[in-house]
Amino acid sequence: MSIWWSLHLRREAASVPLARRLLIDTMETAGVDPDVSYDLSVALTEACANAVEHGGDPDPDDPAGAYRVTAYLEGETCRIEVADSGPGFPALRGRGTTLLKPAPAPDHAEHGRGLCLIQELADHVHFVNRPGRGGAMVSFDKVLKWRENAPLVSA
């Protein structure tokens, strides 16, 4: 079984639940275990919220700016990519492409837990600055578990 979809979304808070709902509905239709769907949907929400908040200055011709979400359900794995056109991850500038361990936010902080949460909920995570095009990309994947009698599971 293979399903993929890609969204080009405005950098507005209202776009985040749209991406999350599409992911949850896709996984529910495919027969993915609800706990796995929930973990991935929370990770997606965090990645989208970061793109909305930190995705860079909007293009003057597009006042809200944009970011892209792509999800792949391929075999036993779901991979999600969220890419924006902002300044990228400051900690990665000049260091390569993958930030192995984001620094946790202090207990009293209201922001700064999203990247750590993505790492906790997914099996593999990559934080990448996109050379040439600018912006950042978060990609993460998780091995899927299936409900009994899932309709789209390969036999």
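In what order do the five strands of the open sheet lie, and is their pairing parallel or antiparallel? In this predicted model, the strands follow the order S1-S2-S3-S5-S4, and the pairing is antiparallel. Strand S1 (2–10) and strand S4 (124–129) form the edges, each pairing on one side only. From one strand to the next, the twist averages 10°. As a reminder, strands of a sheet pair through backbone hydrogen bonds, either parallel or antiparallel.

The sheet belongs to a protein chain whose secondary structure comes to three helices and five strands. Read from the N terminus on, the elements run β-α-α-β-β-α-β-β. The chain has 155 residues, of which 47% count as buried. Contacts between residues at least 6 apart in sequence were also examined, and 68% of them join residues at least 24 apart. The exposed area of the chain is about 8700 Å², with carbon and sulfur atoms supplying 55% of it.

It is convenient to walk through the sheet from the S1 edge. S1 and S2 are joined by nine bridges in the antiparallel sense; here His 8 has Arg 68 in S2 as its bridge partner. S2 then continues to S3 through eight bridges, with the two strands again running antiparallel. Within this pair, Thr 70 is matched with Glu 81 in S3. S2 and S3 form a hairpin with two residues between them, and Gly 75 in the turn has a positive phi of about 60°. At the other edge, six bridges join S4 to strand S5 (residues 136–143), and these strands run antiparallel. The bridge partner of Asn 129 is Ala 136 in S5.

A closer look at strand S2 is offered by Ala 71, which has its place there. Why does Ala 71 count as buried? Its relative accessibility is 1%, and buried means under 20%, so Ala 71 counts as buried. Leaving aside residues up to four places away in sequence, Ala 71 touches Ile 3, Trp 4, Trp 5, Leu 23, Arg 79 and Ile 80. The C-alpha atoms of Ala 71 and Thr 26 are separated by 9.7 Å, although the two residues are 45 residues apart along the chain.

Turning to the helices, H2 (residues 34–54) has 21 residues and reaches 30 Å from its first C-alpha to its last, close to the 30 Å expected at 1.5 Å a residue. Asp 33 caps the N-terminal end of H2, with a side-chain oxygen lying 2.9 Å from the backbone nitrogen of Asp 35. Just after H2, Gly 56 takes a positive phi of about 100°.

Which residues of H2 are buried? Among them are Val 36, Leu 40, Val 42, Leu 44, Cys 48 and Val 52, together with several alanines, including Ala 43, Ala 47 and Ala 51. Ser 37, Ser 41 and Thr 45 are also on the list of buried residues. The buried residues of H2 pack against helix H1 (15–30), strand S2 (66–74), strand S3 (77–84), H3 and S5. Helix H3 (residues 114–121), one of these partners, lies across S4 and S5 and runs at about 145° to S4.

Terms used: Residues numbered from 1 in each chain as written. Predicted model: local features only at pLDDT ≥ 70, side-chain atom pairs only at ≥ 80, totals over all residues. Heavy atoms only, no water. Pairing = 2+ DSSP bridges. Helix = DSSP H or I, 4+ residues; strand = E, 2+ residues; numbered from the N terminus. Axes fitted to C-alpha atoms, helices over the stretch in contact; angles between N-to-C directions. Contact = heavy atoms within 4.5 Å. Expected span 1.5 Å × (residues − 1). Buried < 20%, exposed > 50% of the residue type's maximum accessible area, 1.4 Å probe, protein only. Polar contact = N/O pair within 3.5 Å; in protein donor to acceptor, adjacent residues only side chain to side chain. Areas by Shrake-Rupley, 256 points an atom, 1.4 Å probe, with all protein chains shown as cover.
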